[in-house]
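Subject: Structure handover

Hello,

I am passing this structure on to you. Please open it before reading the notes below.

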Amino acid sequence: MAAEATIGLTGLAVMGRNLARNIARHGHTIAVHNRTTARTTALVDEFGDEGDFVASESMEEFVASIERPRAIVIMVKAGEPTDAVIDELVPLLDEGDIVVDGGNAHFTDTLRREQALQERGLHFVGMGVSGGEEGALNGPSIMVGGSDEAYERLGPVLESIAAEVDGTPCCTHVGPDAAGHFVKMVHNGIEYADMQLIAESYDLLRNVAGLEPAEIAAVFRDWNDGDLESFLIEITAVVLEHTDAETGRPFVDVVQDAAEQKGTGRWTVQSALDLGVPVTGIAEATFARSLSGHTEQRSAARTVFATDPEGTPLDDRDAFVDDVRAALYASKVVAYAQGFDQVAAGSDEHDWDVDPGAMATIWRGGCIIRAQFLDRIKEAYADEPDLTTLLTAPYFADAVRDGESAWRRVVATAVGAGVPTPAFSSSLAYFDGLRREHLPAALIQALRDNFGAHTYARVDREGTFHTAWADDLSESEA
Ligand code: NBP
């Protein structure tokens, strides 16, 4: 078979198929393959007229149909299936060929695979693709890891199929080896926090302000005209105004209130713990999903503690709704600041040299967290590339300062009413933790020295000290 395809893609389930169509629609000849040939045939039968597809039944034919150095995208189930496909592909490849994993791999798997393929003279690219099936077809946000050489070959194709905002493609070379999959993971973690904050806002508007779902939909639509403008706020309005055809009830009331946390949120929190980065918003969002799924414990607790606290009646419902908007925005600033801290920490740990402004730029379109807000983040990093925390960038500092009292009122009201707002509350606690002159960590250090001779540093002189707690309380330099 003549090597005629610019790029190849194996794994033609929903994501792979849509990505292949997107590539073909942009004028690139694409070789396609799937373990089960029926999917390949179906793609070409249904959409063959959208572009130039070169279909193969066997992996050998598929590889032979791609121009060298070959660029081959794998879009199969993450984990063992990805390793199985890599193992099948590698013996058929030549030095300098590029294997791209577009699945949701854990970044440590990508580190391992990159190392193994590099030793065989191949490039391995971990590529984060955001935007679900719709994004894959019409323009995803693409976070590409791997070598510069690999990006030179892949960049033109990937940038042509990515979403575009203000003429800029939502695709970039994030950094070496696993940088792309790492930032995709944090992106998903931020998505968890974003959705949890929206869910808490909804709960407060419904159960403290007493609004009906359709009324709350109108509130979200209104919010979507301002600073909060984003895909998630927009679809919240759509979901909340939807009525279940069968029962005539608000759709949100016929959906079970048990959310899953499938992996990337958990991975983000696990990595944050390893890196020592407090991503409280993402962690609380992940735990809130876990709590929602503990139906037996919830049922037991409901039986024992059924009564809601009375709380304080609202004086002014409209003012409360506006307070919730301000609290949502301030908490969102915190959640994103924490996510960007994690990207920076991961980048330092692995020498990836990730440009945070570029991440904000490519998340503006194609992906689930796309929002007007990301333009402000992009600008903040453009003004100050070494920003210590997004919270102190002038635009965000003003936003938090303006919303601070509303934020405190909302959290206090929620606590009084017994409505759980773990993401709102923990974001506020994080903000307070950062801005305070003194933290009680001093007492923790003293206690650790008392029970375990862990030593402490003093505020008034250099050095490390220990107090003889069980003896004469004298202090010595450790
Ligand atoms: P799935 O994750 O459902 O995987 C199905 C594909 O994997 C099929 O092509 C299947 O081939 C192939 N496959 C499996 Br399973 N085991 C295999 C093996 N041992 N050898 C060869 N092929 C094997 O597909 P998807 O939902 O399209 O997602 C693809 C990737 O994209 C995943 O990593 C996913 O996490 C990621 N992703 C998904 C989304 C989304 O919104 N769905 C978004 C972003 C990223 P078969 O047809 O022969 O069974």
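The notes below cover salt bridges, empty spaces, one surface patch and two contacts along the chain.

Please keep in mind that this is a predicted model. Residue numbers start from 1 along the chain as its sequence is written.

Salt bridges

Side chains of opposite charge can pair when their charged atoms come close. In this model the count comes to 26 salt bridges. Three of them are described here.

The first to look at joins the side chains of R21 and E50, with 2.8 Å from N to O. R21 lies in helix α1 (residues 14-25), while E50 lies in the loop between α2 (37-47) and β3 (53-55), so the pair ties together parts that are 29 residues apart in sequence. Are the two partners buried or exposed to some degree? R21 has a relative accessibility of 8% and counts as buried, since the cut-off for buried is under 20%. E50, at 23%, counts as partly exposed.

Another salt bridge is formed by the side chains of D101 and R113, at 3.6 Å from N to O. Here D101 belongs to strand β5 (residues 98-101) and R113 to helix α5 (residues 107-119), so the pair ties together parts that are 12 residues apart in sequence. D101 is buried, with a relative accessible area of 0%. R113 also counts as buried, at 3% relative accessibility. This pair belongs to a network of salt bridges that links D83, D101, D109, R112 and R113.

The remaining example sits within one helix. R408 forms a salt bridge with E404, and the closest N and O atoms are 2.9 Å apart. Both residues are in helix α18 (residues 394-417), where they are 4 residues apart and therefore separated by about one helical turn. R408 is partly exposed, with a relative accessible area of 28%. E404 is partly exposed too, with a relative accessible area of 21%.

Cavity

Rolling a probe the size of a water molecule over the atoms shows where empty space is left. How many cavities of 30 Å³ or more does the count give? The count comes to 1 cavity of 30 Å³ or more. The largest cavity has a volume of about 40 Å³. The residues that line the largest cavity are N104, A105, H181, K184, M185, T264 and W267. Two elements, α8 (179-207) and α12 (264-275), are the ones that give two or more residues to this lining. Of the elements, α8 gives the most, with 3 residues. By type, the lining of the largest cavity divides into 3 nonpolar, 3 polar and 1 charged.

Second largest pocket

The second largest pocket has a volume of about 220 Å³. Its lining is made up of H438, A442, Q445, A446, Y456, A457, R458, V459, T467 and W469. Which helix gives the largest share of the lining of the second largest pocket? Helix α20 (residues 441-452) does, with 3 residues. The lining of the second largest pocket divides into 6 nonpolar residues, 3 polar and 1 charged.

Surface patch

Helix α20 comes up again here, as the place of L447. Together with L443 and F451, L447 makes a nonpolar surface patch of about 350 Å². L447 itself is partly exposed, with a relative accessible area of 44%. That value is over the 30% relative accessible area needed for a residue to be part of a patch.

Contacts along the chain

Two pairs of residues are separated in sequence, and their C-alpha distances are given here.

G416 is found in helix α18, the helix that also holds R408 and E404. The C-alpha atoms of G416 and G311 are separated by 4.6 Å, and the two residues are 105 residues apart along the chain. G416 is partly exposed, with a relative accessible area of 32%.

Y381 is found in helix α17 (residues 373-383). From Y381 to P356 the C-alpha to C-alpha distance is 6.9 Å, with their positions 25 residues apart in sequence. Y381 is buried, with a relative accessible area of 10%.

That is the end of the notes.

Regards

Definitions and conventions. This is a predicted model: local features need pLDDT of at least 70, side-chain atom pairs count only at pLDDT 80 or more; totals for chains, interfaces and linings use all residues. Side-chain values use heavy atoms; hydrogens and water are left out. On a 1 Å grid over the protein atoms alone, a cavity is a set of points where a 1.4 Å probe fits but cannot get out, and a pocket is an open set with protein on both sides within 12 Å along at least five of seven lines; lining residues have an atom within 4 Å of a point. Grid points are joined across faces, edges and corners, and a volume is the space filled by probe spheres set on the points. Ala, Val, Leu, Ile, Met, Phe, Trp, Tyr, Cys and Pro count as nonpolar, Asp, Glu, Lys and Arg as charged, and the others, Gly among them, as polar. Patches are made of residues with over 30% relative accessible area and no salt bridge: like charges are joined within 9 Å, nonpolar side chains (Val, Leu, Ile, Met, Phe, Trp, Tyr) within 5 Å. Accessible areas come from the Shrake-Rupley method with a 1.4 Å probe; for residues, only the protein chains shown count as cover. A salt bridge is a side-chain nitrogen of Lys or Arg within 4 Å of a carboxyl oxygen of Asp or Glu. Buried means under 20% relative accessible area, exposed over 50%, partly exposed in between (1.4 Å probe, protein chains only).
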